[in-house]
Amino acid sequence: MTTDIGQWLGHLIGQVEGVQHRGRHARRQRLDVAPDALPALLELLQGKGSFVHLSAISCVDWPEDGQFELVYHVWSYELKTLVSAHIRIPREPGRYLSVYDIYKPAAFFERDIHEMYGVFFEGSPSMEKFILTEWDGPPPMRKEFDSENWVNDHFDWQDYHPDWLNDIESRGGGIAIRPDEQRFSRKAKHES
Amino acid sequence: MNALVLPVVLPLLTAFLLQPAGRLSAALARWAGPAVLLVCAGLLVQIALLTGGEPVTAAIGGFAPPVGIVFYADALALLMAIAVPVSALLLWPRAEAGEAGVRQSALMLLLVGSGTGMALSGDLFNLYVFYELLTVASFGLASATGTGRAYVATVRYVLVSGFGSLIALAGIALLYAQTGSLNLAQLADLAPERLANPLGLAAFACLLIGFGVKAELFPVNNWVPDLYACAGKPISALLAGVVSKLAVLVLLRLTVLVFDSPEAREMLMVLGLAGLVTGELAAWRARDLPRLLAYSSIGQLGLLFVALSLPGPAGLAAALAVALHHLLVKPALFMLAERWHGSLDKLAGAGRASPLAAGLFTLFALSLVGVPPLPGFWAKLLVLLELARGAGPFDLTALALVLAVTVVEAHYLFRLVGILYSPGEFRDRHSPRALAVAGLGGAVLVAAMLTLPAVSDALAGLASQAADTAAYRTLTLGGGL
Amino acid sequence: MTPLDTLYLASAATLAAMLVLGDWRRAGVLATLMYGVQLALLFTMQRTGSTSFDLSALGFELSWRFDALSWFFAVVTLGTAFFASWYGAGEWLRAYTGRRRLFQSALAANVFAMLLLLGSGDLLTLFVGWEATSWAGFLLMALAGGLARDAALRYLVYAMAGAMALLGALVVLFQAGGSFSYEAARATLAAMAPGPLWALIILFGLGFGAKLALLPLHLWQAAAYSETPAPGSVFLGGVVGRMGLFALALVLVGLIGIPHLQALAVPFTFLTAQDVVAWVAALTVVLPTYTALKQNDARYLLAWHGIGQGGYMLLGLIVGSALGSAGGLLHVINYAATQATLLMVVFGVRHRVGHTDLNRLGGLVARMPLSFLALLLGIISLAGLPPMSGFVSKWMVYSSLIQDGRPFLFLAAIVGTLGTILSVYKLIHNLFLGQLRAEHEQLNEAPLSMLIPMLATATLAFVTGVAPGLVLGWVADAQAAIGLPVIDYTLGGIASPRASLDMLWVVGVMFAGFGVGALLFYGAGGKTHRVHQLDNYAGGHFLDAGMRYHYSDNFYAGLMHLIGGWYRGSFHWLEGAIGSGLSLVAQGAGGWYRAINPAFYLLAASVALIAWVAL
Amino acid sequence: MNVASLLVELVLMPLVAFVVGLAMVLMMRRIAARLQRRVGPPFFQPLFDIVKLYGKHTQTSHGLVHDLGIVMAVGGYIAAETMLPVPGMTGIADKGGLVVLAYVMMVPSLGLALGVGQCANPNGSIGISRALTAMLAYDVPFIIVIFGVAFHFGSSNLITIAAAQQAAGIAGWGVSQMPLLALAGLFALHGMLGKQPFEIYVAPAEIATGPMVEMSGKHMGGLFVMQCFQLYTAAVLYVTLFLGGGENWLSFLAKSFAVLAVPVSLAYLFPRYRTEDLVRLMWKWPTMIGLLGLAFLMH
Amino acid sequence: MTSLSDIPVIQTPPEAPARGGNPLANVFDDFIRYCRSRSLFMLHYCTGCGAIELPPAMTSRFDMERIGIQPMVTPRQADILLVTGYVSVKTLKRIILTYEQMASPKYVIGICSCTVNGGMYWQSYATAKKLNDYLPVDLYIAGCMPRPEAVIEGLKALRDNIEAGTSDNWKDYYQRYDHYLGNQQRLFGADWQTPTEVIAEAKHYGLFGPDTLGEHTRRLEDHRKPLEPLRMTLNAGRLEHME
């Protein structure tokens with residue numbers, strides 16, 4: 001079952017050069033594409049290959065290689081198969097062209113990625129803030145953003161009230177294991 | 001009482017002399033006509049004062065009445081006779097230069113002469129002759145404006161008049177065959193036994209259609225809208241005002257003296273109602289002022305015929321009231337129409353441009369509709385009272401129709417008043433004479449309203465005198481003066 | 001010079017003064033004073049009196065005399081005229097752009113015409129007065145031009161149709177009775193056979209119903225009364241419609257008499273003439289009120305209510321019992337004061353804001369508090385709730401309906417009142433409550449010259465509500481004048497065993513209750529802190545001035561889901577059908593005159609004639 | 001009846017009404033709890049709520065009309081109580097009859113409507129427009145009931161109505177004379193109380209409790225007091241019209257609580273009607289039953 | 001990175017207000033306080049995941065109405081604001097608006113550990129870590145969604161505090177408004193404002209503390225348009241048109 005879809009897909013993709021095809025199993029096929037060949041591939045998949053549904057665009061941050069990896073997941077209802085097209089774009093300008101004219105849902109995925117990673121998609125309908133309307137800091141999902149450090153600058157921590165514990169225990173409540181003996185709080189263990 | 005003949009003869013004489021006089025001096029030609037009219041009016045007034053309202057007869061040429069031509073002038077006839085020259089004077093068409101002017105004056109004189117003759121004459125054939133003379137004169141006057149539409153309207157008018165005269169002549173022939181005489185008094189004596197049969201009724205029908213043409217009776221009045229719209233406004237005023245009343249006077253004489261049968265009255269009522277309803281409804285849809293006034297005049301004359309069909313002196317009084325009211329109001333309205341020609345919507349703002357004219361129009365509209373203090377209301381009230389007295393099926397439907405039609409009339413008249421007073425810039429053709437005539441008409445109307453008791457008594461007297469046929473017969477047959 | 005002569009003279013003098021001095025800056029004040037003089041004259045003269053002069057024309061004589069009924073309606077007319085012209089004398093006149101002389105004289109002409117109508121001694125004078133009132137009303141309505149002119153023209157058609165029906169009835173009555181006097185008419189009507197009597201009732205009903213705007217003939221009133229300039233609309237809304245009621249009372253109750261109406265049965269049905277008139281009145285109460293509910297302009301809403309309340313008066317009158325007819329007549333005064341107050345407030349808002357579109361107003365209570373107070377008193381009286389006078393007269397009508405055992409009429413009246421309550425709340429909410437718009441932030445209260453008459457009529461309505469006995473005296477005399485059973489009343493209201501009402505106690509207890517409520521609220525509770533209209537619950541949303549956080553459009557959406565479909569506008573359809581039918585016939589008539597070749601129909605005409613003769 | 005005892009009655013009747021009203025609110029909440037298999041509020045809970053609301057430190061108001069609206073709501077019902085004859089006290093019931101009482105009961109809802117109007121909150125305005133539509137709905141059967149009772153007993157004076165029923169014993173009661181009208185009256189009573197199936201105008205989720213959206217502190221306290229009066233007035237009016245009015249306090253209270261228990265227990269079994277369904281229901285079944293009752297009554 | 005150990009430890013338990021004066025005056029105050037404790041209206045506002053525990057607390061098994069607590073829909077009618085679950089920055093804005101719209105005395109209960117110290121979202125940039133920086137909190141109910149028993153227990157504890165008069169923290173919001181406003185501006189930026197006039201309200205009820213006003217409130221004053229309540233005036237303040 002996996003082979004004939006893979007072969008059929010291989011013939012199909014043959015028409016676009018620069019595409020490596022690694023079919024994992026019947027329902028998941030992975031394609032690695034050059035960035036400039038992606039739109040042609042998507043049109044091919046949508047037109048001929050009955051991959052009508054763009055289920056998501058996800059973005060992976062590779063700070064070491066200085067690249068963003070954009071994955072376009074397209075699904076076909078007839079073939080019951082998901083094709084993930086992976087492309088790599090350089091981190092610095094962080095710009096890529098929008099596939100909005102091929103798949104309409106791309107607008108929201110691109111807007112979300114722009115907000116979270118700072119990748120700018122030319123031609124996308126809107127690039128404003130999507131979820132983090134109150135946030136004016138750097139794109140938070142980038143690896144170089146240190147959330148904990150930002151938290152320490154903007155929030156202060158709760159005062160430690162051990163007496164609450166005594167108060168609760170005095171009334172018979174309270175918890176069985178004291179905080180420092182709790183197994184999974186690694187942070188407390190390696191500090192003390 | 002030979003002076004009675006002069007008002008008829010003088011205008012005819014001057015009409016023919018005018019042509020040569022015109023060569024002598026233009027001024028003479030222009031002023032001869034009005035001068036003669038003044039003289040005739042003076043004479044008639046003098047006669048009226050002399051007789052003091054008592055009927056008087058004049059046998060032309062000394063021949064005894066059944067053979068010769070006799071003039072019978074009771075108060076009503078005299079009133080109509082005076083009205084002809086006076087209104088002709090007031091509505092004298094604007095003086096044209098040279099030949100056309102002379103011809104127009106001549107025709108006017110001809111019209112006045114034959115009109116006076118019709119009012120006074122007591123002999124049916126004589127009436128027919130004067131009626132034909134009148135018709136011919138109106139042909140010439142109506143087409144005086146020279147526009148293409150005027151000619152078309154006049155041709156139609158000629159056709160219908162011709163048809164009417166033919167029918168009238170047939171009626172007179174029938175009548176002569178039955179009774180052997182054409183003198184109204186003698187006819188009145190012979191009518192009960194000779195004319196009671198259907199043949200008599202047929203004669204009446206023919207006469208009705210014949211003389212009905214000029215009186216805008218229903219079947220033969222479709223020439224009216226085009227003619228009044230295209231002819232000169234003074235001429236239309238004259239035709240609609242005086243001339244139609246003369247034709248109605250003749251029919252009045254016939255119904256009172258000769259054909260006093262219920263079938264005749266019923267015929268009059270039906271045709272009158274038809275005229276009333278079609279006239280007013282057509283006026284409701286009319287698009288320009290002269291045509292609207294023409295339809296309205298058909299409607300009013302329809303009402304007049306309905307009034308005419310009412311028996312007894314009270315019915316006659318109602319008819320006379322409506323007739324006189326129409327005689328007063330219609331010419332004035334037509335003169336106003338001279339200032340405001342063109343379609344109704346273009347009249348917006350006329351109220352601001354000439355407030356007096358608009359005020360007069362509103363006054364006349366109120367009187368036509370029959371708003372209480374004005375004479376129009378009392379005339380309509382009399383008609384309605386008589387209709388109610390009859391209480392037959394015909395009378396009640398007539399009552400309902402007259403009332404319903406008044407509502408339609410109120411709507412289109414006051415729609416126009418509303419347009420007059422709506423904002424808009426408007427320049428009307430400035431003609432002081434038209435305003436003067438309309439103002440005179442308004443003044444007479446208000447005067448009649450203020451002196452209502454006196455006017456109503458005079459009217460009642462007039463009606464009773466016209467209604468007693470016995471006096472008519474004895475006076476004319478008894479022995480001429 | 002009898003007192004009535006002086007009254008007519010004063011009224012004519014007012015008209016003359018307005019014709020001459022109409023454009024004068026102080027003309028409004030002069031007119032108000034003169035109406036005041038007329039009112040004083042009216043109060044000084046006793047109820048009955050006749051004029052010394054009478055006109056005679058064509059053998060009929062026109063005579064004028066006052067009886068208690070006409071005196072009662074004259075008081076309402078002159079009172080409304082006084083307040084209306086006072087309202088239009090101050091700043092309103094300064095801001096009036098139309099022709100002042102024409103307006104002032106139109107108003108004076110209306111008052112004079114109505115006094116003539118009210119004083120008519122016989123049927124012909126009644127008709128003359130009726131026509132004078134119609135035409136004066138037409139002049140007043142057509143003043144404002146444009147939309148007002150079309151509405152006035154539509155009114156004219158209805159009024160003329162009514163007048164002609166009336167003229168037909170008078171003429172038939174004259175022939176049957178021999179003279180126009182009331183006594184002769186009463187005799188002939190008593191002895192008349194059912195057939196012609198039905199015809200007369202229908203004709204009189206059409207005639208007077210056109211002005212009272214009974215159901216089939218009510219389409220003209222809303223637009224005509226709303227588009228008239230402010231004082232004119234106040235006067236028209238307040239009292240002109242009641243002339244129809246006066247005439248109906250005079251003819252149906254005075255001349256024909258309620259027992260005769262009850263005896264006159266509709267063939268093949270168990271209904272009597274009284275039922276028919278009662279049901280026309282009941283439907284006139286319900287349908288216009290629910291049309292008012294859908295109006296989006298305050299003036300039109302109130303005008304539609306004018307029609308509805310007219311139905312109440314006729315319903316009360318035609319029920320014929322002492323309580324019911326007293327309620328109907330009392331409602332004339334109550335409603336005149338109420339409608340005058342409401343219209344003055346609405347035109348006050350229009351004077352300040354420029355329009356009265358209910359969907360573009362709101363929150364004006366902060367800027368026009370006194371107008372709000374007047375409107376509040378007005379709507380309580382219009383809805384017929386206790387402290388105000390509207391309640392007393394409606395209560396009387398309800399109690400008489402209960403005592404007479406007419407459940408469906410009672411139900412119709414109450415459903416009408418509920419509809420009124422719904423639409424008056426929509427009026428006060430959309431005008432004065434809710435969010436104040438940014439552009440109305442700097443609005444001023446209505447000018448003083450408009451405020452004082454507004455509050456005066458509101459207080460009048462309140463006083464006659466608390467102590468109805470003051471005006472019930474007049475009502476009792478009016479009942480006696482047209483032969484109705486007279487009501488026995490106390491200062492507080494009615495004290496009969498079957499249904500008693502003592503407004504002094506009821507209102508006293510209500511205000512005591514309000515006092516205790518205020519004590520509880522201000523005493524027991526803590527200090528209140530006033531907050532801005534944007535400090536409001538909006539589901540956690542931050543409100544700002546730019547956002548329109550206000551509900552006024554399609555106010556009773558829930559109710560409209562159900563009864564929205566029932567508004568078919570069948571009367572508009574009926575009117576349209578008659579209009580188009582008439583124009584079709586007119587088309588035919590016009591065609592007759594446009595036929596080019598006369599030969600054809602001449603032949604037809606002569607053949608027809610000959611055939612006719614041969615028959 | 002000298003003026004002094006009348007004044008005492010005018011003070012006493014509202015107080016009694018308030019206390020009995022509190023008990024009725026408690027009964028209502030207890031029945032609701034029991035139906036939902038819950039324990040239900042403690043005994044004095046309604047009193048605690050009212051005292052807490054009046055005891056609030058900050059009271060926010062949107063203007064004078066907002067305050068006067070609440071005053072009018074509470075004051076209106078205080079006035080209505082004095083017109084309801086109770087055993088031993090008749091107040092001013094003979095000065096104004098049944099129709100006057102029906103109208104005096106409308107004054108509080110108008111006062112509340114005005115107060116809510118000035119809160120300038122569209123939720124409140126929508127709530128009021130639905131409340132007035134609901135009033136239009138349940139008033140039709142209510143009016144038929146009023147007509148039937150007033151016509152049957154020949155007078156709209158509540159004292160004579162109660163006396164006539166007491167004179168003829170159980171057989172003379174309104175419910176035995178006019179059973180159908182009593183049923184229609186129950187429907188109207190249920191609509192008037194504004195409880196569950198007919199409470200579209202205080203829908204919590206949809207329009208944030210409609211009229212009460214901006215009521216805090218003593219405004220809300222005023223509405224709670226009004227609720228007590230409302231329950232009491234409706235129950236007592238029904239008892240006076242159909243269950244023979246009050247011979248002695250014990251049977252009177254028993255009858256009032258019994259009458260109130262019926263709609264209240266029905267309330268928590270039904271979801272909420274939409275506005276137009278509410279009007280359609282009220283104009284269909286209770287009105288038909290009422291008219292049928294009238295037909296029997298009249299012939 | 002501040003470690004757990006160097007967070008300041010506060011030991012002082014809040015003490016009850018002094019009970020002096022004649023007994024009669026206290027009776028009325030005690031009764032009012034008793035009624036306040038016995039009748040609490042809980043605001044039906046689910047700010048986070050913890051709110052799922054409230055329905056069981058209200059319905060037949062645990063029945064909050066036993067202790068006089070009713071759910072109310074709008075902040076105006078409510079006394080208790082239950083802040084349940086993580087407090088994201090966007091939700092915090094709405095919570096502050098709702099808190100200010102409530103009529104005091106009002107109480108805030110922080111349910112779930114996220115309100116206490118940020119809970120499992122402690123390192124998230126989007127959630128507030130310490131609720132009582134922004135609002136005076138009367139009671140915390142810890143637990144990553146405490147069970148209904150814990151919620152009921154917390155409410156009973158609140159009821160006892162109210163009865164004892166030890167939970168007047170709502171005055172703290174007025175008396176130290178500058179502190180709270182500072183924290184809020186630190187998170188939401190300088191131009192943060194709510195439609196409620198807290199300072200005017202404090203002035204009106206005489207709840208002015210020493211540091212109600214401070215530099216944060218000054219920053220608030222200069223950039224916000226004061227929302228003056230619409231007083232009923234005859235001429236929008238100008239009398240010359242009053243003719």
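This briefing walks through a predicted model, from how its chains meet down to single helices and strands. There are 5 pairs of chains in contact, and chains C and D share the most contacts among them. Chains B and C each have 60% of their residues buried. Chain A offers an open sheet of 5 strands to explore.

**How the chains meet**

- Start with chains C and D, the pair with the most contacts of the 5 pairs that touch.
- On the two sides of this meeting, 70 residues of chain D are in contact with 61 residues of chain C.
- Several elements of chain D each supply at least two residues to the side that touches chain C: β1 (59-61), α3 (64-82), α4 (98-104), α5 (106-118), α6 (122-152), α11 (218-242) and α13 (275-298).
- Of these, α6(D) gives the most to that side of chain D, with 15 residues.
- Chain D does not touch chain A, and the nearest C-alpha atoms of these two chains are 26 Å apart.
- Chain D does not touch chain B either; here the nearest C-alpha atoms are 42 Å apart.

**Chain C**

- You will find 24 helices and 7 strands in chain C.
- Its radius of gyration is 26 Å, close to the 25 Å that the globule rule gives for 615 residues, so chain C is as compact as a globular protein of that length.
- Measured out along the principal axes, the C-alpha trace of chain C spans about 100 × 65 × 55 Å.
- Of the 615 residues in chain C, 60% count as buried.
- Among contacts in chain C with a separation of 6 or more, 77% are between residues 24 or more positions apart.
- Chain C is divided into two parts: domain 1 covers 270-567 and domain 2 covers 570-614.
- The C-alpha centres of domain 1 and domain 2 of chain C lie 52 Å apart.
- Helix α13 of chain C (residues 273-293) has 21 residues, which at 1.5 Å a residue should span 30 Å; its end C-alpha atoms are 31 Å apart, in agreement.
- Because 15 of its 21 residues are buried, α13(C) is largely enclosed by the rest of the structure.

**Chain B and one of its buried residues**

- Chain B has 20 helices and 2 strands.
- A compact globule of 481 residues would have a radius of gyration near 23 Å, and the 21 Å of chain B agrees with this.
- The C-alpha atoms of chain B fill a box of roughly 65 × 65 × 40 Å along the principal axes.
- Buried residues make up 60% of the 481 residues of chain B.
- When contacts in chain B between residues at least 6 apart in sequence are considered, 80% of them join residues at least 24 apart.
- For a closer look, try Leu368(B), which sits in helix α15 (residues 355-369) of chain B.
- Leu368(B) has 23 other C-beta atoms within 10 Å, so it counts as buried.
- Beyond its neighbours within four places in sequence, Leu368(B) is in contact with Val329(B), Gly376(B), Glu409(B) and Leu413(B).
- Leu368(B) and Ala410(B) are 42 residues apart along the chain, yet their C-alpha atoms are separated by 8.5 Å.

**The sheet of chain A**

- In chain A, 5 strands form an open sheet with mixed pairing, in the order β1-β2-β5-β4-β3.
- The edge strands, each pairing on one side only, are β1 (19-25) and β3 (53-62) of chain A.
- From one strand to the next, the twist averages 20°.
- β1(A) pairs with strand β2 (residues 28-33) of chain A in the antiparallel sense, over 6 bridges.
- One of the residues to look for is His25(A), whose bridge partner in β2(A) is Arg28(A).
- Helix α2 (residues 38-47) of chain A packs on the sheet and touches β1, β2, β4 (67-76) and β5 (81-90) of chain A; its direction makes about 170° with that of β5(A).
- Helix α3 (residues 106-117) of chain A also packs on the sheet, touching β3 and β4 of chain A, and its direction makes about 15° with that of β3(A).

**A helix in chain E**

- Helix α3 of chain E (residues 89-101) has 13 residues and should span 18 Å at 1.5 Å a residue; its end C-alpha atoms are 19 Å apart, which agrees.
- The buried residues of α3(E) include Leu92(E), Ile95(E), Ile96(E) and Tyr99(E).
- Those buried residues pack against β1 (40-43), β3 (80-84), β4 (87-88), β5 (107-111), β6 (127-128) and α7 (177-188) of chain E.

Definitions and conventions. Residues numbered from 1 in each chain as written. Chains lettered and ligands numbered in written order. Predicted model: local features only at pLDDT ≥ 70, side-chain atom pairs only at ≥ 80, totals over all residues. Contact = placed C-beta atoms within 7 Å. Helix = DSSP H or I, 4+ residues; strand = E, 2+ residues; numbered from the N terminus. Expected span 1.5 Å × (residues − 1). Buried ≥ 20, exposed ≤ 12 C-beta atoms within 10 Å, placed from the backbone. Rg over C-alpha atoms; globule rule 2.2 N^0.38 Å. Domains from an automatic or database assignment. Pairing = 2+ DSSP bridges. Axes fitted to C-alpha atoms, helices over the stretch in contact; angles between N-to-C directions.
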